[in-house]
Amino acid sequence: MSQQQLRKPEEEEAIKYGDVFDVQGKLAEKPVAPKDAAMMQMAENALLGETKKGCAAAAMVSAAMKNEKAGFVGHEDVNVDSGVTVEETHLAGKRIITESIDNEVIGQYSQAAPLTSGPYSSCEQSEEEGGGGPITIGEALEATALTAGNKPVEWSDAAAIQAAEVRATGRTSIMPGGVAAAAQSAATLNARASREEEKTKLCDVLSNATERLGSDKAATRRDAKGVAVAELRNDPTLTTHPAGVSASVTAAARLNDQISK
């Protein structure tokens, strides 16, 4: 055995939650994964109206992208067990935002002044800026472009997207030039494509879903169920994709339930 085979140079390691946030235990040893970051983005959007620079989601997206590029995680990987939460409390006239992963607080801050409970306590949001409302179906579709964006569009995806469009817009037919029409066209072309690189991906169809819908509404559990059924019935194995359209709408509906409580 050669000297080169005996010992490899020190290799880059995955960025773990303990590298990004002040956390301990099992969570600290987990690599930050793309779907984890997408879930935090959705949670922040629901409460803050957008993803803010310096908040947890921005840091997680950056870490997840680096981990995926280095091959430590897959685009559809998820490493959190109990999910993510972004909650608010009102104290002494201030809006206190607390972000958690697996029930462990990773950051806490105020819109008026930074707190000192976490490395991302200075999340940038002015006191004049209002928080966001519940997550819409369009936003959930756009989240799918993050969680499963590299997946080629199949008939089950097109069916789920059509079901989502119907619920978001109230229309009973496919809207010309809309996201459902684009998904059906992509599924048809993909079925004929001979090479994987020729296929249209979900990110190509869903990246601007909110704009293409025209009208939108908050995702509910009823919406999530309808979308899941459509995806399930049109999948040859009668399953839904773990990070696909119905998964995103279901996650949005669950977060909306938390907001309304």
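These are my notebook entries on a predicted model, covering its overall make-up and a handful of residues I looked up.

**Ground rules**

I number residues from 1 along each chain as its sequence is written. Because the model is predicted, I take local features at pLDDT of at least 70 and side-chain atom pairs at pLDDT 80 or more, with all residues used for totals for chains, interfaces and linings, and side-chain values use heavy atoms, leaving out hydrogens and water.

**Entry 1: the whole protein**

I began with the secondary structure and found 12 helices and 3 strands. Here helices (H or I, at least four residues) and strands (E, at least two) are DSSP runs, numbered from the N terminus.

Next I looked up burial: of the 261 residues in the protein, 45% are buried. My cut-offs are under 20% relative accessible area for buried, over 50% for exposed, and partly exposed in between, with a 1.4 Å probe and protein chains only.

The protein exposes about 13,500 Å², and carbon and sulfur atoms supply 49% of that. The areas come from the Shrake-Rupley method with a 1.4 Å probe, and for residues only the protein chains shown count as cover.

I also checked how far along the chain the contacts reach, a contact being heavy atoms within 4.5 Å. Of those between residues at least 6 apart in sequence, 67% join residues at least 24 apart.

**Entry 2: confidence**

I looked at pLDDT, the predictor's confidence in each residue, from 0 to 100. The average is 81, and 81% of the residues score at least 70.

Where does pLDDT stay under 50? I noted residues 113-122, for which the model has 23 contacts beyond four places in sequence. I also noted residues 125-131, with 18 such contacts in the model.

**Entry 3: helix 7**

Helix 7 covers residues 155-169, and I tested its length. The expected span is 1.5 Å times one less than the number of residues. For these 15 residues that should be 21 Å, and the end C-alpha atoms are 21 Å apart, so the two agree.

How many residues of helix 7 are buried? I found 11 of its 15, so I call this helix mostly covered. Among them are Ser156, Asp157, Glu165 and Thr169, along with several alanines including Ala158, Ala159 and Ala160. Just after the helix, Gly170 takes a positive phi of about 85 degrees.

**Entry 4: helix 11**

I picked two residues in helix 11, which runs over residues 221-233.

Asp223 lies in this helix and counts as buried because its relative accessibility is 7%. Its side chain makes a polar contact of 3.0 Å with the side chain of Thr220. (A polar contact is a pair of N or O atoms within 3.5 Å; within protein, one must be able to donate a hydrogen and the other to accept it, and residues adjacent in sequence count only if both atoms are side-chain atoms.) Not counting residues up to four places away in sequence, Asp223 touches Ile137, Arg167, Lys217, Ala218 and Val249.

Leu232 is found in helix 11 too. Is Leu232 buried or exposed? Neither quite: at 35% relative accessibility, Leu232 counts as partly exposed. Beyond four places in sequence, Leu232 touches Leu238, Thr239 and Thr240. I also looked back towards helix 7: the C-alpha atoms of Leu232 and Ala160 are separated by 8.5 Å, with the two residues 72 apart along the chain.

**Entry 5: the loop between strands 2 and 3**

Most residues other than glycine have a negative phi. With that in mind, I stopped at Asp102, where phi is positive at about 50 degrees, and at Asn103, where phi is positive at about 65 degrees.

Asp102 sits in the loop between strand 2 (94-101) and strand 3 (104-110), and Asn103 has its place in that loop as well. I checked their cover: Asp102 is buried, with a relative accessible area of 17%, whereas Asn103 counts as exposed at 67%.

**Entry 6: around helix 2**

I searched for aromatic pairs and found 1 in the structure. Tyr17 and Phe21 form it, stacked, at 6.4 Å centre to centre with 20 degrees between the planes. (Rings of Phe, Tyr and Trp, the last by its six-membered ring, pair if their centres lie within 6.5 Å; planes under 30 degrees apart count as stacked, over 60 as edge-to-face and the rest as tilted.) Both Tyr17 and Phe21 are buried.

Gly18 is found in helix 2 (residues 17-20) and counts as partly exposed at 33% relative accessibility. Setting aside neighbours within four places in sequence, Gly18 is in contact with Val23 and Ala28.
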